[in-house]
Structures are given as C-alpha cells and as structure tokens.
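Work through the exercises below with the model open. Each task is followed by its solution.

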Amino acid sequence: MSVIDLINSPWAITPSMLEAIDSIYQSKLQGASLSADELSARLGRPVDNDHKNYEVIDGVAVIPMNGVVAKRANMFSAISGGVSTELIGRDIKKALQDSQVKSILLDVDSPGGSVDGLPELANIIYQGRGQKKIVALGNGLMASAAYWLGSSAAEVYASSSTATIGSIGVVATHREVSQREQSMGVKTTEICAGKYKRIASNYEPLSPDGRADIQSRVDHLYSVFVNTVARNRSVSEEVVLENMAEGRQFIGQQSVDAGLVDGIKSRDELIDFMTSSQIFKSEGIRVKTEENTGQASDSSSVEEVSVESLKKEHPSIVSEIEESAAAAERDRIQGVLSQSAAGCHDLINEMAFDGKSTAGDAAIKVLAKQKESQQEAQAEFENDAPEALDADVSASESGEDAGSPSGKGDAHDIAEKAQALIAKAELEGRTLSAKDAVKKVEVGQ
C-alpha cells in the first residue's frame with residue numbers, strides 16, 4: 001500500500017493525531033526524510049519504535065498499548081510508540097497460555113488508528129475474557145480504534161477524572177494531488193476497468209459519485225464499530241448511538257455516566273484490585289459456601305476450606321479482600337446515587353442496593369424513565385384536555401369580549417399554562433394530571 005493510499009484509508013482516530021500523521025507524510029511525499037531528532041522535535045517528545053512485551057505483576061499480565069493503532073505498526077512506531085494489532089494479539093494469546101498469568105490488564109494510552117486489523121484483535125480480546133479475566137484501562141486516552149479494542153475487555157476503567165474516553169466514529173480523507181503534479185510539470189493519467197476502480201482518484205477532483213462511494217464505506221465501518229461496542233458492553237445499538245457514539249469524547253466521570261467505562265481507577269489501584277481478587281486462587285484455596293457445598297472440586301490439588309477457618313488461618317488476606325470489596329461497593333453505590341433525578345427516587349434506590357448496577361447503568365435507566373414520563377404526561381394532557389371553545393360563541397353567550405381581561409382566556413392560553421404547571425410539578429417530584437392542571441388554571445392558582 002502506498003503512502004497516499006494509506007492516508008486515504010478509513011481511520012478511527014482523534015483529529016489531532018491524524019493531522020500529525022498527515023503532516024509527517026506530507027513531508028515524505030515531498031521527498032523529505034525526517035531523522036529521529038527531527039521527528040522528536042515535531043512531536044514534542046522522544047520517538048520510540050520498540051514493541052514492549054508484557055510484564056507480570058502478582059499474576060496480572062500488563063500489556064501496554066501506547067500510540068497509534070495499525071495492523072503492522074512499524075511505520076507508526078516512530079510517531080507515537082505504535083500499537084500493532086498483530087503483535088498485541090500475539091501477546092494476549094501468549095498470556096492466556098501462561099500459567100503465571102491469572103488475569104490480563106490492557107494498559108491503553110492511544111488516540112486510535114487504522115481500522116484494518118481491529119475486528120480480529122477485538123475478537124481475540126472478547127473471546128479471551130472467557131478464559132481469563134481481561135480488564136482495559138484508559139490510561140490518559142482511549143479513543144476511537146483504541147476504545148473499539150478496549151471495550152472488548154470484560155471490564156473497562158478510566159485512569160483519572162481527566163482521562164479521555166470514546167470518540168466512537170470513523171473518518172476517511174481524499175487527497176487530490178493534481179495541482180502539486182502540475183507545479184512539478186507532471187501529469188498522471190490512470191487507465192482502469194470497472195466503474196468503481198478509481199471512482200475517487202487522487203489525480204483529479206473528487207466527483208459526487210466518488211464522495212458517495214467513500215461515504216458508504218465510512219458509514220458501513222461506523223455501523224460495525226457501533227455493533228461491536230454494543231456487543232462488548234452488553235447494551236443495544238440504540239443506547240450506543242444515543243449515549244456513547246457520534247464521535248463524542250467523554251472526560252472522567254462523564255465516561256462512567258455514559259456507560260463507556262465501569263469506573264475510575266489508577267493503574268496501581270487497578271492492579272491491586274485485580275491482585276486481591278486472585279488471592280484465593282494463588283493460595284490454592286477454594287472457599288466453601290452454601291452455593292458450592294457438595295459440589296466437586298475443580299482440582300484435586302485445591303484445598304477446600306470454610307470461610308470461618310480461612311479467617312483464622314489467613315486473617316490479613318481476608319481483611320484486605322473485605323476492605324477492597326467494601327470500598328468498591330461504596331464507590332458503586334455512590335456512583336448510582338449520584339444519578340438521582342426527580343421522579344426516579346425509587347428506581348435509583350433499587351439499583352444502588354442491588355449489588356450489581358453501575359453508575360452508567362443508572363444513568364441510562366434514568367434517561368429512559370424521564371423520557372417515558374414526559375411521553376406519558378404529554379399523552380395524558382392530549383387525552384384529558386377539554387375541547388376548545390369557540391371564542392365568538394363564548395363571547396356572545398357571556399356578553400363579554402373573548403379577548404378581554406375579564407374572561408378566563410382562550411383554550412390555547414389555558415393549555416400553555418396547564419403544561420407549565422405539569423412541568424413544574426414533575427421537577428418537584430410530583431405528578432399532576434392534565435385535568436387537574438386545567439382546573440388550577442381556571443381558578444387562577
């Protein structure tokens with residue numbers, strides 16, 4: 001693939017990084033060969049083109065995914081460190097087979113990249129999370145193609161309140177170089193067979209048919225992106241489109257509220273949390289509970305003990321796990337309660353104490369309930385509102401001018417005031433029917 005074909009291919013990447021890549025390749029197209037020092041100066045940091053294998057920390061395989069995503073990252077590694085989907089896939093498969101690895105952490109700091117190779121790696125992550133727990137961390141930035149991959153993990157976290165997550169979208173560019181060639185005294189003529197072979201040629205202005213062809217490919221890739229996120233996060237495509245997608249970027253708690261991530265934890269906190277959940281396994285202990293009493297042990301080498309004996313023999317382990325679990329549960333409850341809204345008190349309380357709902361789950365259900373309440377109120381108002389009176393007849397019967405201050409006002413005015421009362425009641429957590437609202441307006445309340 002040529003440089004210009006690569007630039008014109010569809011990308012799932014942040015605009016700023018695409019501009020940086022484009023500027024570097026523009027220099028390459030003009031015949032410039034940038035040295036490592038020149039690249040460092042343009043990027044504002046040292047270049048790095050070495051793929052780093054994962055390290056194992058207390059049973060957690062930490063796989064770094066830093067930089068622009070590409071199928072083969074060699075050409076991008078000097079720009080941003082590079083994330084090769086092929087090499088990351090190899091590392092994940094190796095970690096899944098590694099007996100020293102109990103769980104896997106994808107440590108992501110990436111603006112996204114090329115869509116080529118994404119579905120394959122996303123499926124490796126999605127299927128692998130059934131073998132060992134795989135968690136993704138947006139360590140500063142997990143955008144576009146990087147979120148496509150990160151969302152495939154069993155759990156997803158943002159590293160801090162300033163971490164940027166999301167940017168679900170696809171972009172393609174068309175670069176026409178005929179003017180540059182003309183200034184160089186060059187004219188390229190493409191001879192091809194097939195209507196669509198060069199429908200968006202780089203050597204002539206983009207035609208309407210060419211634009212439509214590029215748009216159709218971008219739209220298709222966007223639908224694949226949305227469908228993949230919906231599968232990964234166990235939500236509908238409609239939820240992804242309404243709350244997460246359209247190229248929007250979310251910061252910290254916003255990403256939790258939108259359902260993109262499950263919480264906010266730093267890299268060290270997440271490793272400690274994952275390590276704590278593995279303590280029983282690493283100690284060769286299977287806890288006997290009411291649920292598993294009488295069931296066969298998974299392995300003859302695993303010692304089965306009761307919770308009571310475990311507390312006596314391993315008090316520090318139990319204490320650490322209990323503290324970690326309690327802290328996680330407090331964070332979960334506080335996150336859910338923070339989504340409280342008028343008319344949703346019972347729903348929020350139920351989700352806060354069900355032991356599983358996240359702040360993102362609560363935000364989605366609150367939005368749905370509010371929309372449902374608005375639709376019901378509107379329907380009730382339309383069904384219950386009194387029929388409009390004929391202004392002329394009303395005035396003639398009463399002997400008053402229909403528009404005079406002494407009258408109660410026309411039906412349209414009453415309806416507007418009634419709707420305002422209904423909206424006010426809803427904000428205060430009360431329910432007011434359309435019929436009652438009209439009565440209040442008529443008596444001047």
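**Exercise 1. Place P205 in the chain and decide whether P205 is buried or exposed.**

Step 1: P205 sits in the loop that runs between α8 (178-183) and α9. Helices (H or I, at least four residues) and strands (E, at least two) are DSSP runs, numbered from the N terminus. Residues are numbered from 1 along each chain as its sequence is written.

Step 2: This is a predicted model, in which local features need pLDDT of at least 70, side-chain atom pairs count only at pLDDT 80 or more, and totals for chains, interfaces and linings use all residues; side-chain values use heavy atoms, with hydrogens and water left out.

Step 3: P205 counts as exposed because its relative accessibility is 60%. The classes are buried under 20% relative accessible area, exposed over 50%, and partly exposed in between (1.4 Å probe, protein chains only).

Step 4: From P205 to S178 there are 27 residues in sequence and 8.1 Å in space, C-alpha to C-alpha.

**Exercise 2. Find the loops that hold S167 and E246, and give the phi of S167 and of E246.**

Step 1: Most residues other than glycine have a negative phi.

Step 2: S167 is not a glycine, yet has a positive phi of about 60°. The loop between β10 (164-166) and α8 holds S167. S167 is buried, because its relative accessible area is 7%.

Step 3: E246 is not a glycine either, and its positive phi is about 65°. E246 belongs to the loop between α10 (237-244) and β11 (249-251). With a relative accessible area of 56%, E246 is exposed.

**Exercise 3. Which residues have the most contacts inside the largest nonpolar core?**

Step 1: A nonpolar core is a set of buried Ala, Val, Leu, Ile, Met, Phe, Trp, Tyr and Cys residues joined through side-chain atoms within 4.5 Å.

Step 2: The largest one has 53 residues, and I104, L106, I168 and L260 have the most contacts inside it. Helix α9 (residues 208-233) gives the most to this core, with eight residues.

Step 3: Take L260. Beyond its neighbours within four places in sequence, its contacts (heavy atoms within 4.5 Å) include Y147, V156, I165, I168 and F250.

**Exercise 4. Describe the aromatic pair in the structure.**

Step 1: There is one aromatic pair. Rings of Phe, Tyr and Trp (its six-membered ring) pair if their centres lie within 6.5 Å; planes under 30 degrees apart count as stacked, over 60 as edge-to-face and the rest as tilted.

Step 2: W148 and F225 are stacked, at 4.6 Å centre to centre with 25° between the planes.

Step 3: The pair joins distant parts of the chain, since W148 is in helix α7 (residues 145-150) and F225 is in helix α9, 77 residues apart.

Step 4: W148 is buried at 2% relative accessibility. F225 is buried at 0%.

**Exercise 5. Over which rings do R231 and K265 lie?**

Step 1: A charge sits over a ring if NZ of Lys or CZ of Arg is within 6 Å of the ring centre and within 35 degrees of the ring normal.

Step 2: R231 lies over the face of Y126, 3.9 Å from the ring centre.

Step 3: The charged end of K265 sits over the ring of F273, at 4.9 Å from its centre.
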